[in-house]
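Here is a short briefing on charged side chains and their pairing. Look at the structure first, then read on.

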Amino acid sequence: MNSVILMGRLVKDPELKRTNSDVPYLQFTVAVQRAYQKGGEKQTDFINCVAWRQTAENIAKYFKKGQRILVEGNIQVRTYDDKSGVKHYITEVVVDSFEFIEQKSDTQQQNNNYGNQSQSYDRPQNQMPNQNQ
C-alpha cells in the first residue's frame with residue numbers, strides 16, 4: 001500500500017505552472033515536524049509534493065507561504081537526466097486531495113465562500129513536470 005497523509009506548513013508561496021500540453025501543475029514543499037525530539041528540539045522534514053489540474057490551481061489560489069495544509073496522496077520516485085547527462089532521482093508525494101487546516105482571516109472569508117474542503121483530481125498518466133521548465 002502506498003498512501004501518505006502529511007500536515008505541515010508551506011515553505012514558500014505556491015507557483016502554478018503548466019506542462020507543454022497546458023496541464024496545470026504545482027510543485028511545492030511542506031515542512032512537517034516529527035514527533036521525535038532530539039535534545040528537546042523537534043525535528044522538521046521538508047517533503048516535496050506535486051499536485052495536478054484543479055487541485056494544483058486551488059492550492060496555488062488559496063495558500064501562501066507559512067500556511068498549514070493537510071495533503072493526501074502517494075509517494076512516487078522518478079528520474080530525469082540533466083543537460084550534462086547526469087541522472088537525478090526525485091522522491092515526492094503526488095497529491096490526490098488537500099484540506100484547509102487554519103481558520104481563514106475575515107478578508108479571505110469575504111473573497112471565497114467555502115470552508116474546509118477536499119479537492120481531488122484525475123492525474124495524467126505518464127506525465128511529469130520537466131525539471132527544466
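Arg34 is partly exposed, with 35% relative accessible area. In this predicted model, its side chain forms a salt bridge with Asp45. The total count of salt bridges is five.

**Arg34 and Asp45**
- The closest N and O atoms of Arg34 and Asp45 lie 2.7 Å apart.
- This pair links distant parts of the chain, eleven residues apart.
- Arg34 sits in strand β3 (residues 24-38), and Asp45 sits in strand β4 (residues 41-52).
- Asp45 has a relative accessibility of 27%. Because that value falls between the 20% and 50% cut-offs, Asp45 counts as partly exposed.

**Arg78 and Glu92**
- The side chains of Glu92 and Arg78 meet in a salt bridge, at 2.7 Å from N to O.
- This pair, too, links distant parts of the chain. Glu92 is in strand β6 (residues 87-100), Arg78 is in strand β5, and 14 residues separate them.
- Strand β5 covers residues 68-81.
- Is Arg78 buried or exposed? Arg78 is buried, because its relative accessible area is 10% and the cut-off for buried is under 20%.
- Glu92 is buried as well, at 4% relative accessibility.
- The side chains of Arg78 and Glu92 also make a polar contact, at 2.7 Å.

**Arg18, Asp22 and Glu57**
- Which residues are linked in a network of salt bridges? They are Arg18, Asp22 and Glu57.
- Within this group, Asp22 forms a salt bridge with Arg18. Their closest N and O atoms are 3.7 Å apart. That pair qualifies because the cut-off is within 4 Å.
- Asp22 is partly exposed, at 49% relative accessibility. Asp22 does not count as exposed, because that class needs over 50%.
- Arg18 is partly exposed too, with a relative accessibility of 39%.

**Burial, pair by pair**
- Arg78 is buried at 10%, and its partner Glu92 is buried at 4%.
- Arg34 is partly exposed at 35%, and its partner Asp45 is partly exposed at 27%.
- Arg18 is partly exposed at 39%, and its partner Asp22 is partly exposed at 49%.

Key:
Residues are numbered from 1 along each chain as its sequence is written. This is a predicted model: local features need pLDDT of at least 70, side-chain atom pairs count only at pLDDT 80 or more; totals for chains, interfaces and linings use all residues. Side-chain values use heavy atoms; hydrogens and water are left out. Helices (H or I, at least four residues) and strands (E, at least two) are DSSP runs, numbered from the N terminus. Buried means under 20% relative accessible area, exposed over 50%, partly exposed in between (1.4 Å probe, protein chains only). A polar contact is a pair of N or O atoms within 3.5 Å; within protein, one must be able to donate a hydrogen and the other to accept it, and residues adjacent in sequence count only if both atoms are side-chain atoms.
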